[in-house]
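Subject: Structure handover

Hello,

Here is the structure I promised to pass on. My notes follow below it.

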Amino acid sequence: FPNVGISIEDCSLTYPAERFDSLETAGAQGELLRMGCGQVADTLVSFKRFSAGIYIASLIGGKISIPHIILSKPRIFAHSYNDGNANWNIFRTSEDSTETALPPVSIGRIRLVNHPHIVYTDSQDTLFAMLDIKRIAFNGRIDTRNTSRNKIGLSIDSLMLGGRFASDTLGFRLSKLDIHEHERHLDIMAQAKTMLATHSFGRMSIPIIITGTASFPKDTVPAVDLSGVNIEIASIPISLDASMRRIGGLTEVDGNFRINDCKAEEILTGFISNIIPETGKIRTDAVISMQGTCKGTIGKGILPDINASLEIPDSRISHKDLDQDIGIALSASASTDENNCLNIAVSDLSAGTQGFEFRFNGGAEDLTGEDPLINIDGNLSADLHSMDSLMPDSDAVKAEGKVSANLKGSIKSSQISIYNFAEADLEGFIASDSIIFVSPKDSISIAVKGVDIKAGPESKVSR
């Protein structure tokens, strides 16, 4: 049976320009607040062309069936003010609250083309946002009467979102988004880049790529399964698989994740250098590998069974301003115990170069509790003369002497203060035969002989 086509050219919905003048001059101001405003009338919605098809046969059965909708160059200017006032509340409403039920509606393909443009402002919450898209295509089905027939198929090409908050500005660019449903599972692919403009760190860029499948199995409770999910955020590649069920306000989860051979240099010289510019001078061959499992119940203070490990094999790290490379290595793990406490163990943390060596073993118990216990077993040895090249200005200051240090024991988080430190179960020492500092430029020479500083139970003073 034939469809009936409807098309509208150059349509806009406007309201008198002075309608919200008193509200627009109050509260936070922004350039986007004036978008859509004109001399005589302000615009809420406009479009270049609207076309749709209606299936005539469905009207006989009391249903509206729309096989396709195409909206060309849509423009939406939504402004929210205070006390619930907004420019989309432009229609007068009577006190008659009688509701008229709409007939069932079914919609097929939806196309928004020729750069859809949306502006949203909230002067009360100091939020200003602008969305510009090259094209949106919905190739699914929306059925208000039979929701089981609903189907998702969404493609977005070149989406740009810019927003300003009270202190910072956020920019988000989505190059591509594809979501397609196939027999109760969704295939997802997204490629995006987030741009931040902050007062503290300036402009930052965070590339994001997401691929994977989400399925919604038939169950008596809300459930979702994620499989083959690969996420890359700021050069960190994350792979994960998980099954989640929502039961009685708690979430049952069974999943695993992996970070394989993540190059530390790309992280340090990329996103991190925006926050700590000095990391941009670092070069390293270190790779980070991490894997873990999570199984059990989450919520209401309950942690699932967690087991995770982190490895950085023996690597070299260098700095542009230093002559010597530094060797580093790390092996650590995290797990929950029978008391549902989260513990972290560092089995090997080492760093060393010519004239310097540092090793640490330890960890933390009940990390999510009120007073975690920190375990420490660390050793340090240094030959100050051999470390000249590690000094920022080795020509200005010369140092000689050998130093060794050790710290072993445990300390609670509440004991890390000048008042409670004596209660910690720690023992250690700093020892040196002699230490000499010479600054020829300032004619300063400092010599300290026989340094021996100890910390332990015998050093505690009762009060």
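Tyr81 is buried, because its relative accessibility is 2% and the cut-off for buried is under 20%. Keep in mind that this is a predicted model.

Two more aromatic residues belong in this account. Tyr15 counts as buried at 4% relative accessibility. Phe20 is buried too, with a relative accessible area of 6%.

Phe20 and Tyr81 form a stacked aromatic pair. Their centres are 5.3 Å apart, with 25 degrees between the planes. That angle counts as stacked because it is under 30 degrees. The pair joins distant parts of the chain, with the two positions 61 residues apart in numbering. Phe20 sits in the loop between β1 (3–16) and α1 (21–24). Tyr81 sits in the loop between β4 (75–80) and β5 (105–113).

The structure has 3 aromatic pairs. Among them is the pair of Tyr15 and Phe20, which is edge-to-face. Here the centres lie 5.4 Å apart and the planes meet at 85 degrees. That angle is over 60 degrees, so the pair counts as edge-to-face. Ring pairs thus link Tyr15, Phe20 and Tyr81 into a cluster.

Next, a residue that touches this cluster. Which residues does Thr43 contact, leaving aside its neighbours within four places in sequence? They are Leu13, Thr14, Tyr15, Gly36 and Phe77. Tyr15 is therefore both a contact of Thr43 and a member of the ring cluster, where pairing requires centres within 6.5 Å. Thr43 itself lies in strand β2, which covers residues 41–55. Is Thr43 buried or exposed? Thr43 counts as buried, because its relative accessibility is 17% and the limit is under 20%.

Now the protein as a whole. There are 4 helices and 24 strands. Of the 463 residues, 33% count as buried. The accessible surface comes to about 27700 Å². Carbon and sulfur atoms account for 57% of that surface. Among contacts between residues at least 6 apart in sequence, 52% join residues at least 24 apart.

When you open the model, start with the ring cluster of Tyr15, Phe20 and Tyr81. Then turn to Thr43 in β2.

Best wishes

Definitions and conventions: Residues are numbered from 1 along each chain as its sequence is written. This is a predicted model: local features need pLDDT of at least 70, side-chain atom pairs count only at pLDDT 80 or more; totals for chains, interfaces and linings use all residues. Side-chain values use heavy atoms; hydrogens and water are left out. Rings of Phe, Tyr and Trp (its six-membered ring) pair if their centres lie within 6.5 Å; planes under 30 degrees apart count as stacked, over 60 as edge-to-face and the rest as tilted. Buried means under 20% relative accessible area, exposed over 50%, partly exposed in between (1.4 Å probe, protein chains only). Contact means heavy atoms within 4.5 Å. Accessible areas come from the Shrake-Rupley method with a 1.4 Å probe; for residues, only the protein chains shown count as cover.
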